[in-house]
Amino acid sequence: MRTLTKLDVPSRDTTDLDDATIRVRDEQQGRIKGDGPLARDTEFREIETTRTRGSAGSASAHESAVKHVTGRAAYIDDLQAPADCLHLALALSPVAHGHLIRLDLDTLRAMPGVVDAVGFDDVPGHTDIGPVFPGDPLFVEDEIRYAGQVLFAVAAETHRAAREAVSAAWAEALVEIDEQPASLDPVVAAERHEFVRPTHVQQSGDWERSLATAAHVIEGEQFVGGQEHFYLEGQACLVQPTEDEGVIVHTSNQHPSETQKLVAEVLGIPFHAVTVEVRRMGGGFGGKETQASPWACMAALVARRTGRTVRLRLPRAEDMRVTGKRHPFHNRYRLGIDETGVIQGGELTLIGDCGYSPDLSEAIVDRAMFHADNAYSLGEARVTGHRARTHTASNTAFRGFGGPQGMMVIEAAMDDIARRLGEDTLTIRKRNLYRTEPDVIRRDITHYGQTVEQVALLHHVVERLEADSDYWTRRQEITEFNAQSPVIRRGLALTPVKFGISFTAKHLNQAGALLQVYTDGSVMINHGGTEMGQGLHTKICQVVARELALDVDTVRITATRTDKVPNTSPTAASSGADLNGMAARDACLSLKTRLFDFASEHYALDREGMRLETGHLVAGTGESERRIPWGELVQAAYLGRVSLSEKGFYATPLIHYDRTTGQGRPFYYFAHGAAVSEVSVDTLTGETQVDRVDILHDVGDSLNPAIDMGQVEGGFIQGMGWLTGEELRWNDAGRLISDGPATYKIPTYGDLPPVFNVELLQGHPNSMASIYRSKAVGEPPFMLGISVWAALRDALSSLAGYREAPRLDTPATPERVLMAAEALRSRHPPWPPAAGEPE
């Protein structure tokens, strides 16, 4: 049995500090500021003789942590290039829709410092690089479909010369465009049936009858805004030509195998002639799943044409204009409820603004539909998903992959039901949670036919957080405060999360790994996942350390490369550790079997019960026990001509989905969580602040509690930013005007809630056979931020005596909050009423 002992916080030298400073430092002890991460990393030490240092299950530091803070971690723009490296700059369309009438690249190639210029006609292979469906031309041939679409690329001796050449092309009228009217409204596009992919429907039962027989029918609509990925490291790549007509591509990229495929197809060469390498990314969040490939293709095209290394990096403003965002959604709902507020059925309609091309929109809108229930039974319901085409950049994957936008519609409905019936929002949410109690229809099956397992766990998370956060006492205090405060109103909301884990495209649920043991006993592991700061490489090293009973320092990981592990899936869908961890474990198990067979014969040991413990091979028990050091075993195996290399593979079982019926089991399991947020709203200015947040999140048996805690905290803050301050704005001509940190605001240190309590649920391992019964943690915490938006609606609702939940589109900027407050004031008398006035 594992025993945990609390460690003392390291003493700090207080010499030469005054009493006030010492007092403040003591007050800050254990808070998120300053020493928080250190406290988490050293809070518990495992006392278990069979567990090696830093293996899976322990709070091991990130494998590149020291490199990050010392600046030694190399990103794409840090890589050394030959002295004759070329620099690429892009010419982007200034109009959202039109036709390219003329393009004079010959004149451009003759400009000083310019080595080459390439456009559509210079591509020797495929010109369309759509990741799943066609529709993404590498360069514009004729029709321009969004402001920021790439017209051509210029390669020059310096980055400045390349950019100046692009400017000169416009100044000297080398480009001529016929501008046409642009379609920018996805709702109008849906009404005109302008879709990038066909509409999809999921249905359970007779939804029309449920509406006709319901005691109450509620309906509403909402706009859910998009979100810029705003990774710290922008889109970048470095491409080197090889001697065999191929290329080596260094790229900041979540999907190396897809980039390998697209580069090969653009160049018209076999896949094996392209090697893609990704050591790390400075953030991805989905923005580098498909939309990192175009830049690699362009750079590779120039590298093959010139025989020189090519570097391409997008300036922030260009990066934001040329790449897609989180899909904005327009949601509508019409639900029938009984007298207690329990949903009987209804219809939900989701319109995703996909931009100009399909990209990943089919799967993204599918996932929005899958998660339109969040943690609640919809009864007999129909969910319809439209994929609207507009003349904007093709929107793409972003943490949650459509799930957050889908959850927003049902969370809006929960608030509306509560106000209609005069109940607390938490009461209504709890009544509608998935459950196994008998009912007219089963309440543990989703509208797409998947049984929700661990229903009791979902209820436990909500009820435990309800108690630990002192929800009801705070609810009473807030109601009393609002009754006495004419301007500042406070709000409180608890929202759950039920998020499905797996790629909804079944074939992507596979992974490979390559394990290599060297004769000194050190271990190298490679796998198909990519590291974007989330700690995936750290967890994989921990898995190998645990399987081989070694200290984690003995295991090292190198760059993800397509020539080591082929045909990999993207690092996305929160499945990086699930898939690649199992593949790495599979390789370890195969190698252990081989080593055990060898040791049994070589050392004349009993094969039964043989095991690895703390750096030793152990055979037998008691007095007959024999312990052979790992290094000695490896040396003996090498001399005995036993292979010390092994590949591993894993494919997620059980999952399936039939798009023709809209039914199946698309997810291997669900991750759960809940958050309570408390906010304050200035109802005269619309300014808001988050005062306190309490989170309880389900990660099963955590692979690394320190990393998982960071993912929960970071995911919540990113979700909070999406719903409050991160506003994307386009002008009437379809040009993005929020194209930099001056006009697009992500959360900063000052936006952290002063009280931020985060806990990982303990003692509830995954019910499915995941890697050590852990659960994915990348995307699920993002949706915890919905509690902030719900709390804002709660605060505003007090202006109407809690009789109406205002429509509050997102992001809930001060302008939107103020308009919602004014709308409520115009429809309702002041609350609380003055003395002598009726309620």
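## Cavities

A cavity is a set of grid points where a 1.4 Å probe fits among the protein atoms but cannot get out. In this predicted model, the largest such cavity holds about 240 Å³ of space, and the structure has four cavities of 30 Å³ or more.

The lining of the largest cavity is made up of 18 residues, and those lying nearest its centre are I129, D136, Y146, P294 and Y356. Helix α9, which covers residues 293-306, gives the largest share of that lining, with three residues.

## The largest nonpolar core

The largest nonpolar core has 151 residues, and within it I525 and W630 are the members that touch the most others. Helix α17, running over residues 576-602, supplies the largest share of this core, namely twelve residues.

The surroundings of I525 can be described residue by residue. When neighbours within four places in sequence are left aside, I525 is in contact with A513, L514 and L515, with I540, C541 and V544, with V555, R556, I557 and T558, and with A584.

## A separate core and the setting of V249

Apart from the largest core lies another, of 42 residues, which includes V247, I269, V274 and L314. One of these names returns in the description of V249, a residue found in strand β12, which spans residues 247-251: once neighbours within four places in sequence are set aside, V249 is in contact with V274, and also with L238, V239, T275, V276, E277 and A296.

Is V249 buried or exposed? V249 counts as buried because its relative accessible area is 0%, and the cut-off for that term is under 20%. V249 and A303 are 54 residues apart in sequence, while their C-alpha atoms are 10 Å apart in space.

## Strands β30 and β31

Strand β30 (residues 688-697) and strand β31 run parallel and are joined by six bridges, with V693 standing opposite F756 in β31. Together with helix α19, which covers residues 705-724, β30 and β31 make a right-handed β-α-β unit.

The two faces of strand β31, which covers residues 755-760, can be told apart: F756, V758 and L760 form the covered face, whereas V755, N757 and E759 form the uncovered one. In a regular strand the side chains alternate between the two faces of the sheet. F756, the residue opposite V693, thus belongs to the covered face of β31.

Key: Residues numbered from 1 in each chain as written. Predicted model: local features only at pLDDT ≥ 70, side-chain atom pairs only at ≥ 80, totals over all residues. Heavy atoms only, no water. Core = buried A, V, L, I, M, F, W, Y, C linked by side-chain atoms within 4.5 Å. Buried < 20%, exposed > 50% of the residue type's maximum accessible area, 1.4 Å probe, protein only. Helix = DSSP H or I, 4+ residues; strand = E, 2+ residues; numbered from the N terminus. Contact = heavy atoms within 4.5 Å. Pairing = 2+ DSSP bridges. Right-handed = clockwise from strand over helix to strand, strands pointing away. 1 Å grid on protein atoms, 1.4 Å probe; cavity = no way out; pocket = protein on both sides within 12 Å on 5 of 7 lines; lining within 4 Å. Points joined across faces, edges and corners; volume = space filled by probe spheres on them.
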